[in-house]
Amino acid sequence: MTPRDLPIYELESAVVAAVRGAGRLIVQAPTGSGKSTQIPQMLWRHGLLGEKGEVVVLQPRRLAARMLAKRVAEEAGTTLGEGVGYQIRLESRVSERTRIRFVTEGILLRQMSFDTALRGISAIVFDEFHERHLYGDISLARALQIQQTIRPDLKLIVMSATLDAGLLKSYLAPCEVLVSQGRSFPVRVEYLAKRTDFEAEPVWDVAARECERIAAATGGDFLVFMPGAYEIGRTVQAIQGARGLRDFVTFPLHGELPPEAQDRAVARHEARKIIVSTNVAETSLTIDGVTAVVDCGLARIARFDPHRGINTLLVEKISAASADQRAGRAGRTAPGICVRLWTEREHEQRAPQELPEVKRLDLAEVVLTLKASGIDDIARFPWLEKPDEVGLVRAESLLADLGALAGEKKSITELGRKMLRFPVHPRYARMLLAAQEHGCVRAVALMAALTQGRNFLLRGVPKEVERARGDALGEEHESDFFLLMRAWRYADKANYAVEACRRLGIHAQGARQAGPLFEQFLAIAAKEGLDVGERRADGVEIRKCVLAGFSDQLARRLDAGTLRCEIIHGRRGVLARESGIQQAKLLVAGEISEIGRGDGEVNTLLSLATAVEEPWLKELFPDDYRETRAVTYDDQQRRVVTRRERRFRDLVLEAKASSDEAPLDEAARLLTKEVLAGRLKLEAWDDTVEQWILRVNRLAEWFPELEVNPVTDADRATLIEQVCYGELGYRDIKDKPVMPVLKDWLTAEQFAVLDDYLPERLTMGNGRKSRLTYHKDGPPILSARIQELYGIEGKFAVGHGRVPVKFEVLAPNQRPIQVTDDLTNFWREQYPKIKTELSRRYPRHEWR
DNA sequence: GAGCACTGC
């Protein structure tokens with residue numbers, strides 16, 4: 001077959017006409033149609049690039065950019081790097097004579113921020129646009145702006161396999177849309193006949209049952225999709241216990257498994273096999289011989305929550321597009337079947353696609369890029385899809401904290417421009433610039449390089465690996481970054497030998513990728529006039545640089561006995577247990593993530609920690625570091641009570657609180673504050689009202705025609721306050737969860753829509769339920785501790801085993817309010833001590 | 001039982 005036989009050639013004359021006419025074109029064509037290789041050549045051949053101009057073809061992956069360039073160079077009869085070339089990070093094969101240039105997305109965006117006229121570029125082709133990567137969205141928007149203002153001759157072509165062409169068409173209007181057909185193997189899709197509640201029947205049991213049911217229907221191997229390692233383990237157990245599946249061998253497959261185990265799962269076997277896998281099998285790995293897919297319809301999905309400034313990783317329902325992708329895995333070699341563990345009706349209500357990245361990632365880096373192009377009002381930037389307002393505000397305030405933006409309009413500063421020279425997250429760019437003053441540019445460049453890719457220091461390794469790691473790398477109490485650096489040096493010295501790395505639980509391939517990045521950062525630093533000389537860097541100075549980049553993630557350990565921390569901006573979390581920084585009072589987290597565990601509970605984890613000292617705060621941020629005196633008037637005692645505090649931003653570093661007994665409404669006020677800050681939970685509030693607030697707001701967003709009033713943060717705060725002051729019946733909320741509270745927001749008609757559509761969309765996979773078993777009249781020591789922490793008088797009840805603590809507070813009108821706080825680790829570690837103490841004091845009472 | 005998977009400068 002010659003290139004001319006490719007289906008895309010049916011469109012040649014239409015493509016040429018459209019590009020010549022409007023200068024904007026959408027091509028919708030499936031993989032294998034030849035669009036990526038042929039359309040750039042058509043432009044060249046038909047003289048649409050002018051005398052010397054080039055066409056830039058945007059690719060989401062490096063490998064694709066390289067391969068496509070190679071193939072097109074052959075077809076066009078030129079040497080790679082001459083007429084046809086490519087440019088990816090750290091690698092470039094182009095010349096002045098290059099007319100077709102394949103580039104990855106970051107390259108073009110960088111070029112745009114340094115050369116706004118895009119000199120020499122006649123056309124830009126956006127390939128695989130349906131993936132909706134952040135840089136793809138931004139560079140299309142910028143290209144459109146450039147075309148509309150200074151470069152009306154610039155041609156823009158957007159290509160994709162599947163596409164919400166309506167959205168894109170109106171965005172690019174006036175614009176032509178051309179469609180080309182493709183071909184594929186059939187996969188029969190089956191749904192469950194009735195809705196299954198995974199709370200009642202675990203998803204792994206349902207999956208095993210369905211495998212058993214279809215075992216005879218097809219002769220090939222099975223692929224079962226599960227959201228994570230925990231569910232995979234349970235599924236493997238369930239399958240091995242199923243009678244009808246005795247002839248199968250079963251393999252788990254996920255990213256944290258050692259490479260040998262992954263190879264074993266993918267390899268050919270005598271017996272039929274069942275692979276139970278995460279999303280690795282949806283995108284990156286291809287597995288031959290699979291004729292049946294069992295899809296649980298769930299995945300752990302990473303997002304950035306701009307409200308709290310943290311990453312989340314929670315189980316969610318996958319989109320219809322993603323389910324189709326999974327089903328397609330059954331039909332690679334022959335027709336196949338796919339069993340979906342949800343009903344057809346539920347399927348109709350699933351989101352058609354995943355959210356584009358612009359709506360779910362941290363925007364700090366692109367906002368800085370836009371500011372550098374002189375776009376101060378980013379809310380009015382012509383986004384294809386506008387990100388959440390909160391996300392933009394969060395990005396701007398982080399950049400302002402880092403010193404990259406300043407002034408009323410939040411314009412880019414000189415420092416911000418310097419930061420943009422470094423192709424990393426602004427936090428690390430800021431650290432690199434700070435490193436110049438602290439004499440440790442080399443070390444910080446290495447830290448930046450080490451955190452770019454996947455974590456190469458594996459977690460949860462066996463005891464003997466942990467020991468070997470300790471022997472080879474030593475212990476680390478100052479910064480988790482330092483251990484990472486030593487691990488990398490070890491791997492580098494061992495020349496990334498797989499065996500040597502495995503001994504210490506180091507992912508050799510991951511470690512290897514950091515080297516070239518380190519070199520790149522050093523080269524840029526040298527070019528920017530920073531001192532990259534080799535010298536023994538001082539640990540204190542490096543840690544100060546970390547503080548400069550992550551000052552908004554400063555955390556204070558709540559006490560020495562637990563890993564619980566209070567973070568700036570009213571957040572709480574738990575230090576990762578693999579962190580070496582277990583002694584420090586103050587630390588900075590390089591990463592904060594909310595992680596859903598297999599059982600549906602959720603934790604906020606602080607990882608990549610660095611110990612910092614209080615005096616550094618004053619040194620680096622004199623304006624934010626202050627001593628305050630809070631004065632309140634105590635009505636009942638008729639006297640003034642003062643508190644002395646030392647603060648960094650809103651984190652109280654040290655407080656001398658009044659020991660006076662607080663009157664009731666003072667308790668209610670404090671309680672409101674703690675609940676609003678997320679440090680305490682109102683029992684039952686979380687699982688009912690919060691969910692419904694979310695639903696009402698989604699209703700407002702998705703069905704604008706219903707004219708629903710969204711519940712604002714202020715409304716929510718008012719409700720919480722009313723509960724804390726005893727004005728709104730706490731028990732009413734618990735017994736009749738929604739309507740008494742939210743009836744003001746919804747009419748009967750609106751509620752009917754909500755009831756029909758939303759619960760299914762919003763119920764998270766295996767749900768989120770608190771299991772509180774508790775014991776009345778808990779140990780007095782713990783009660784005293786809660787009083788000390790919160791200054792709230794109350795009667796406390798304590799749980800055993802997995803221990804959230806419940807306590808009860810009286811509202812001003814004497815209504816009891818129950819509150820919970822998770823003191824799990826504190827309890828576990830302290831319990832033996834407490835028990836001894838209690839047995840001594842109360843010998844006749846039996847303490848379990 | 002704390003932790004999906006990718007990609008990019």
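A polar contact is a pair of N or O atoms within 3.5 Å. Keep that cut-off handy for these exercises, which use a predicted model.

**Exercise 1. Find out how far a base nitrogen of DNA strand B is from an N or O atom in the side chain of Glu-365, and check that distance against the cut-off.**

Step 1. Look up the pair: the base nitrogen and the N or O atom of the Glu-365 side chain are 3.0 Å apart.

Step 2. Compare: a polar contact needs a pair of N or O atoms within 3.5 Å, so 3.0 Å passes.

Step 3. Now try the phosphates. A backbone N or O atom of Arg-89 sits 2.4 Å from a phosphate oxygen of DNA strand B. For Arg-454, a polar side-chain atom is 3.3 Å from a phosphate oxygen of that strand.

Step 4. Zoom out to the elements. Those giving two or more residues to the surface near DNA strand B include helix 4 (105–114), helix 8 (229–240) and strand 14 (298–305).

**Exercise 2. Describe the protein surface around DNA strand B: which residues come nearest, and how do the classes divide?**

Step 1. There are 39 residues around DNA strand B, and Arg-62, Tyr-230, Gly-255, Arg-459 and Arg-577 come nearest.

Step 2. Sort the surface by class: you get 16 nonpolar, 11 polar and 12 charged residues.

Step 3. Flip to the DNA side. Of the strand B atoms within 4 Å of the protein, 52% belong to sugar or phosphate, and the rest belong to bases.

**Exercise 3. Decide whether Arg-326 is buried or exposed, then list the partners of its side chain.**

Step 1. Place the residue: Arg-326 is part of helix 11, which covers residues 320–328.

Step 2. Arg-326 has 0% relative accessibility, so it counts as buried.

Step 3. Look for polar partners. The Arg-326 side chain makes a polar contact with the side chain of Asn-279 at 2.9 Å, and another with the side chain of Glu-282, also at 2.9 Å.

Step 4. Add the other neighbours. Leaving out residues up to four places away in sequence, Arg-326 touches, among others, Phe-225, Val-293, Asp-295 and Ile-318.

**Exercise 4. Work out how many cavities of 30 Å³ or more the structure has, and what lines the second largest.**

Step 1. Searching the whole structure turns up four cavities of 30 Å³ or more.

Step 2. Pick the second largest cavity, which holds about 50 Å³ of space.

Step 3. Check its lining: among the residues there are Leu-58, Glu-105, Phe-126, Asp-127 and His-133.

Step 4. Split the lining by class, and you find three nonpolar, two polar and five charged residues.

Definitions and conventions:
Residues numbered from 1 in each chain as written. Chains lettered and ligands numbered in written order. Predicted model: local features only at pLDDT ≥ 70, side-chain atom pairs only at ≥ 80, totals over all residues. Heavy atoms only, no water. Helix = DSSP H or I, 4+ residues; strand = E, 2+ residues; numbered from the N terminus. Buried < 20%, exposed > 50% of the residue type's maximum accessible area, 1.4 Å probe, protein only. Polar contact = N/O pair within 3.5 Å; in protein donor to acceptor, adjacent residues only side chain to side chain. Contact = heavy atoms within 4.5 Å. Near = heavy atom within 4 Å. Nonpolar A, V, L, I, M, F, W, Y, C, P; charged D, E, K, R; others polar. 1 Å grid on protein atoms, 1.4 Å probe; cavity = no way out; pocket = protein on both sides within 12 Å on 5 of 7 lines; lining within 4 Å. Points joined across faces, edges and corners; volume = space filled by probe spheres on them.
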